[in-house]
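Hi,

Here is the structure I promised to pass on. Have a look at it first, then read my notes underneath.

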Amino acid sequence: MSKHRSLSYRFWAALAVILGCSVVLGAILISTYYRELQATRLSERRLEHFQLVMRAVNHLSAERGPVNSVLGEEPKADSPSRKRLAVFRANTDAALNRLAPIAGFSQQLADTTQSLTHARQLVDTLDRQPLGTRRPQDFQEAVLAMFAAVDTAQSLVDTAIGDFNTAESDHLIGTALVARMLSDIREQVGRMGSNIIVSIAARSPISSDQRTAHDIAYGRVLGFWQLVEQQTGANSDPQIAAMRRAVSEDFFGRGMAIYRDILATGRDGNYGF
């Protein structure tokens, strides 16, 4: 009987140990799963914030397109260019406002908004003047101010990418850097056009400084594009392959051919359009 009780005691003791271990193991597994789930959610939030930042910077960069058009025509409140500029400005403001609730972006957002406000003031002041009275240096000041607004916004990108530099999100850094290079390509291509809008609007020859600025911007575009192709060349996604072909054909092919024609006709200021 004593032996039976001893075996029974050992059985229940062993069962208690097994159950205890199971509970501990279950707790560890649940805790690990929860941490992984939290890390995934954290990565998703950081990725969402990064996407919002990149969209805001892209809208800010794109706003310069209608600015170039507006500064090259006589003041007219209801012109297609001014209506387009109003839409682009609204898009930029909406994209920046989406960043306001995100912790960690407040100072960078305030600096970007201040720089953009200053640039828009210069553009609007110049836009109210008759086209024939606008001085080339005023054109240049407004364009450089728009460049500066985009440069200031890069602190938002820095912060968003820096948030990936953690154990939970570091696998996203490579993708984020490729996205940034694509954004830089878009900006440098825009600057190539903005650099010569002053001469086109004034019907004056493109200066050697403007040509140098073009060469620098185009060199950066080529450098960034080579890096992007290295990072995405092995990707078999049909959409990525189609986009790479579009860039090669539409920009480096047809687009640059048009741009070279403008640079050639701009030697004497007779642009023919």
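**How the helices pack**

Helices α5 and α6 are roughly antiparallel to each other, since their angle falls in the range over 145 degrees (under 35 counts as roughly parallel, 65 to 115 as roughly perpendicular and the rest as oblique). The axes of α5 (residues 136–162) and α6 come within 10 Å and cross at roughly 175°. Axes here are lines fitted to C-alpha atoms, for helices over the stretch in contact, with angles from 0 to 180 degrees between N-to-C directions. Among the residues of α5 that meet α6 are F139, V143, F147 and V150, and on the α6 side they include L177, R180, E187 and V198. Contact means heavy atoms within 4.5 Å.

Next, α6 (residues 173–202) and α8 (residues 238–265): their axes come within 12 Å and cross at roughly 20°. That makes this pair roughly parallel. From α6, V189, M192, G193, I196 and I200 meet F251, M256, Y259, I262 and L263 of α8.

Before going on, some ground rules. This is a predicted model, where local features need pLDDT of at least 70 and side-chain atom pairs count only at pLDDT 80 or more, while totals for chains, interfaces and linings use all residues. Residues are numbered from 1 along each chain as its sequence is written, and side-chain values use heavy atoms, with hydrogens and water left out.

**The whole chain**

The protein chain has eight helices and zero strands (DSSP runs numbered from the N terminus: H or I of at least four residues for helices, E of at least two for strands). Of its 273 residues, 37% are buried (under 20% relative accessible area; exposed is over 50%, partly exposed in between, with a 1.4 Å probe and protein chains only). Among contacts between residues at least 6 apart in sequence, 75% join residues at least 24 apart.

**Helix α4 and one serine**

The buried residues of α4 include L109, L116, A119, V123 and L126. The buried set covers an arc of only 140° around the axis (taken from the directions from the helix axis to the C-beta atoms), which puts them on the same side of α4. The face turned away from that side carries the exposed residues S106, Q107 and Q114.

Finally, is S81 buried or exposed? S81, found in helix α3 (residues 80–97), counts as buried because its relative accessibility is 15%. Leaving aside neighbours within four places in sequence, S81 is in contact with P66, S69, V70 and E73.

Cheers
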